[in-house]
Amino acid sequence: FGQSLNVGHGGILSDGPSAFNAFATTSLSDIFAISGLITDSNSSSAVDILNLTHMSSSSAANNIGAGLLFSAENTSGTTTAISRIASIFTDAGGSATTSALTFSTLNGFDLSERMRITNTGNLGIGTTSPTGLLSVEMGTQKFPFWVGDTGTSSPSFVVTGSGNVGIGTTSPSYLFSVAGHTLLGGNATTTGLLYSLGSGTS
């Protein structure tokens, strides 16, 4: 232990600067390009198998980090970056350094961040500044929250960007809208008006 194994430029399987490859005419789906194994006496906590480090040749600044880039061949035969998981400094200086874990996917021609976990543990989807444990911003999506059955494109439960909740409807016009029969198993108390657009009782 204490020694390093270099893969890439100047290391094993070298094929150009910081690269290596494997070629086969059969499937390699069950074969790892890189694998690591450590055996020690630690039986109750995680051990770092892989350490990724990014150093700056000048002065480091916020958003410097290290990541894993996933690429694949598209139908034109071009290698294309399709997603990335990266850990970045959100505050790279001083004594109160902070970081975030970011997740990016490909949409069109550019990788765009879709989700991040902040230094406080907040999870943001569609936002880089989540203000709660879970923060969702809809962006160009029709609904920030959508629940539907398997194999159907019609949701059974939605929350719109304005905060309206719809059950059985995708166009809730009130804070809480239900399209269909509703069964109340207890008392219903309201401090305002209660509207019923249907008729009859059962």
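In what order do the 4 strands of the open sheet stand, and what is the pairing?

1. The order is β7-β8-β9-β10, and the pairing in this open sheet of 4 strands is mixed. The edges are taken by β7 (145-148) and β10 (176-178). Each of these has a single partner strand, so one side of each has no neighbour in the sheet. On average, neighbouring strands here are turned by 10° against each other, with direction ignored. Please keep in mind throughout that this is a predicted model.

2. As background, strands of a sheet pair through backbone hydrogen bonds, and the pairing is either parallel or antiparallel. In this sheet, β8 (residues 155-159) and β9 (residues 165-167) are an antiparallel pair, joined over 3 bridges. Within that pair, F157 has I167 of β9 standing opposite.

3. F157 also takes part in an aromatic pair, and the structure holds 1 such pair. Its partner is F145: the ring centres are 5.9 Å apart and the planes stand at 90°, so the pair counts as edge-to-face. The cut-off behind that label is an angle over 60 degrees between the planes. Since F145 belongs to strand β7 and F157 to strand β8, the pair ties together parts that lie 12 residues apart in sequence.

4. Are the two rings' residues buried, partly exposed or exposed? F145 has a relative accessible area of 43% and is therefore partly exposed. F157, at 26% relative accessibility, is partly exposed as well. Both labels follow because partly exposed covers the range between 20% and 50%.

5. Next come the charged side chains. Side chains of opposite charge can pair when their charged atoms come close. A search of the whole structure finds 1 salt bridge. The side chains of R116 and E113 form a salt bridge, with N to O at 2.6 Å. R116 has 9% relative accessibility, so R116 counts as buried. E113 has a relative accessible area of 30%, which makes E113 partly exposed.

6. R116 appears again in the surroundings of N122. N122 sits in the loop between β4 (110-117) and β5 (123-125). Leaving aside residues up to four places away in sequence, N122 touches R116, I117, P130, T131, G132 and L133. With P130 there is a further detail: the N122 side chain reaches the backbone oxygen of P130 at 3.3 Å. N122 is in a loop, yet at 13% relative accessibility N122 counts as buried, because the cut-off for buried is under 20%.

7. A second loop residue is G93, placed between β2 (79-91) and β3 (98-107). At 38% relative accessibility, G93 is partly exposed. Which separation should a student note here, in sequence and in space, between G93 and N62? They are 31 residues apart in sequence, while their C-alpha atoms are 7.8 Å apart in space.

8. The last residue to look at is S71, in strand β1 (residues 65-73). S71 has 42% relative accessibility and so counts as partly exposed. Not counting residues up to four places away in sequence, S71 touches T79, T80, A81 and I82. S83 is 12 residues from S71 along the chain, and the C-alpha atoms of S71 and S83 are separated by 7.1 Å.

Conventions. Residues are numbered from 1 along each chain as its sequence is written. This is a predicted model: local features need pLDDT of at least 70, side-chain atom pairs count only at pLDDT 80 or more; totals for chains, interfaces and linings use all residues. Side-chain values use heavy atoms; hydrogens and water are left out. Helices (H or I, at least four residues) and strands (E, at least two) are DSSP runs, numbered from the N terminus. Buried means under 20% relative accessible area, exposed over 50%, partly exposed in between (1.4 Å probe, protein chains only). A polar contact is a pair of N or O atoms within 3.5 Å; within protein, one must be able to donate a hydrogen and the other to accept it, and residues adjacent in sequence count only if both atoms are side-chain atoms. Contact means heavy atoms within 4.5 Å. Two strands pair if DSSP finds at least two bridges between them. Axes are lines fitted to C-alpha atoms, for helices over the stretch in contact, and angles run from 0 to 180 degrees between N-to-C directions. A salt bridge is a side-chain nitrogen of Lys or Arg within 4 Å of a carboxyl oxygen of Asp or Glu. Rings of Phe, Tyr and Trp (its six-membered ring) pair if their centres lie within 6.5 Å; planes under 30 degrees apart count as stacked, over 60 as edge-to-face and the rest as tilted.
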